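Please open the structure in your viewer and keep the selection panel at hand. The stops below say what to select next and what is to be found there.

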Amino acid sequence: MSTILVINSGSSSFKYQLIDMDTENAIASGLVERIGESSGHTTHRGPSGTSERTLEIPDHTAGFRAMLDAFAQSGPSLDDDPPIAIGHRVVHGGKRFFEPTIVTPLVELNIEDLSDLAPLHNPANLEGIRAAEKAFPDVPHVAVFDTAFHQTLAPEAYTYAIDAELAERHRVRRYGFHGTSHKYVSEEAARYLGKPLADLKQIVLHLGNGASACAIDGGRSVDTSMGMTPLEGLVMGSRSGDIDPAVLIHLSRRAGLDTDGLDELLNRRSGLVGLAGRGDMRDVTRAAAGGDASAERALATYLHRLKHYIGAYFAVLGGLDVITFTAGVGENSEVVRAGALEGLGALGIRLDPERNAVRSRDPRTISADDSAVTVLVIPTDEELEIARQTQAAIA
Ligand SMILES: Nc1ncnc2c1ncn2[C@@H]1O[C@H](COP(=O)(O)OP(=O)(O)O)[C@@H](O)[C@H]1O
Ligand SMILES: CC(=O)OP(=O)(O)O
Ligand SMILES: [Mg+2]
């Protein structure tokens, strides 16, 4: 059996899947959570069921070891049947990386060099790569970049209107993220509808802990809401998304916040956390339904921003065939889907409330039959997409 192990590292957690490339089925998958907190947690699903452990996981290296222990204890054995390659999600590829790339010491240096553009993500990605190289020194490691899918953005979509020379020197431009997910989901949408990708104007709303919108024309990313870093755009779990840049100037002058303080504010104490004191959309929608005023405000702000991007991308695309919701919030929250599309009948967007209420792990249509724009829910599978690209890179 040829398998590929995929590591999708986040700032305080990582997900993994061992995928059989002949069938594209996950033989094992799991989650290592709360890395760096006093009690970490692992969940491993393998052929013999699900096993969980609570233990201290100080860093991603320890997290990787905890994953190897889970494989050793609950199977399948990675010693008896080692993967043919390891695929790694790397969030920021800057201007250098547009393709899945076999990891070398030079590639690692470049990923490290891009860390200040993705401080929550690239250091964790690199730590995952290094731990994996120690455990599997004899197989190729492939980096698959979140930024790669957005290489098709036109200059007017990636340019910030500041001093051009300064921007060039400091690599300031829109790169965009979640590209692996936007690519996978937009291709799945075309497949589900039985229509050529080349004929479709699509908006994909990737709403997880981090969230981004993407306008896709004929399979090419033409605009996306995240920017130079994964901070711009939509309201997220703990990130602000769009904000008047002068707010930073004001807060540094009047509230005594230095650059680290501003970084911490915008990346960790903003978004749903900043507005409602909690970053998980399940808690926010529950509290809002119970009449909690700050949760109501947080949800309304989140939905207003989403609607704003849907309208903007309709205009950028010059028409629209499909809107697809994906990732944790997009796949699971009927309240968010309904709220984001409420009042968009004039754009030909009409939800069917009964279809929207269906809970399922399958791709599904949630728009009404008379809706000009088809609205879908499609579960993302970044790990499968990374495995496919890893296989192509080593072929
Ligand atoms: N039933 C649900 N209703 C609303 N939100 C949900 C539900 N299930 C999961 N979520 C949201 O999904 C988020 C995680 O999404 P996910 O795509 O796994 O994020 P990430 O990959 O960024 O960690 C959680 O923080 C939670 O807010
Ligand atoms: C790029 C990004 O924000 O990723 P995540 O949603 O996994 O935090
Ligand atoms: Mg994610």
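## A tour of two ligand shells and a sheet

Begin with ligand 1 in this predicted model, and colour α12, because that helix supplies the largest share of the shell around ligand 1, namely four residues. The elements that contribute two or more residues to this shell are α10 (281-289) and α12 (327-332). Now select Gly208, Asn209, Met281, Gly328 and Asn332, which come nearest to ligand 1 among the 14 residues around it. Colouring the shell around ligand 1 by class gives three nonpolar, nine polar and two charged residues.

Move next to ligand 2, and select its surroundings, which consist of Gly10, Val91, His121, Asp146, Phe177, His178, Gly208, Asn209, Gly210 and Pro230. By class, this shell around ligand 2 holds three nonpolar, six polar and one charged residues. Why does ligand 2 lie between domain 1 and domain 2? Give domain 1 (3-145) and domain 2 (195-377) separate colours: both contribute residues to the shell around ligand 2, and therefore the ligand lies between them.

For the last stop, display the strands of the open sheet, eight in number, which run in the order β5-β4-β3-β2-β1-β6-β8-β7 with mixed pairing. Its edge strands are β5 (49-55) and β7 (101-102), each of which pairs on one side only. Which strand pairs with β5 over seven bridges? Select β4 (residues 40-46), which pairs with β5 in the antiparallel sense over those seven bridges. To finish, pick Gly49 in β5, which is the bridge partner of Gly46.

Conventions
Residues are numbered from 1 along each chain as its sequence is written. Chains are lettered from A and ligands numbered from 1 in the order in which they are written. This is a predicted model: local features need pLDDT of at least 70, side-chain atom pairs count only at pLDDT 80 or more; totals for chains, interfaces and linings use all residues. A residue is near a molecule or strand if its C-beta atom, placed from the backbone, lies within 6 Å of it. Ala, Val, Leu, Ile, Met, Phe, Trp, Tyr, Cys and Pro count as nonpolar, Asp, Glu, Lys and Arg as charged, and the others, Gly among them, as polar. Domain bounds come from an automatic or database domain assignment. Two strands pair if DSSP finds at least two bridges between them.
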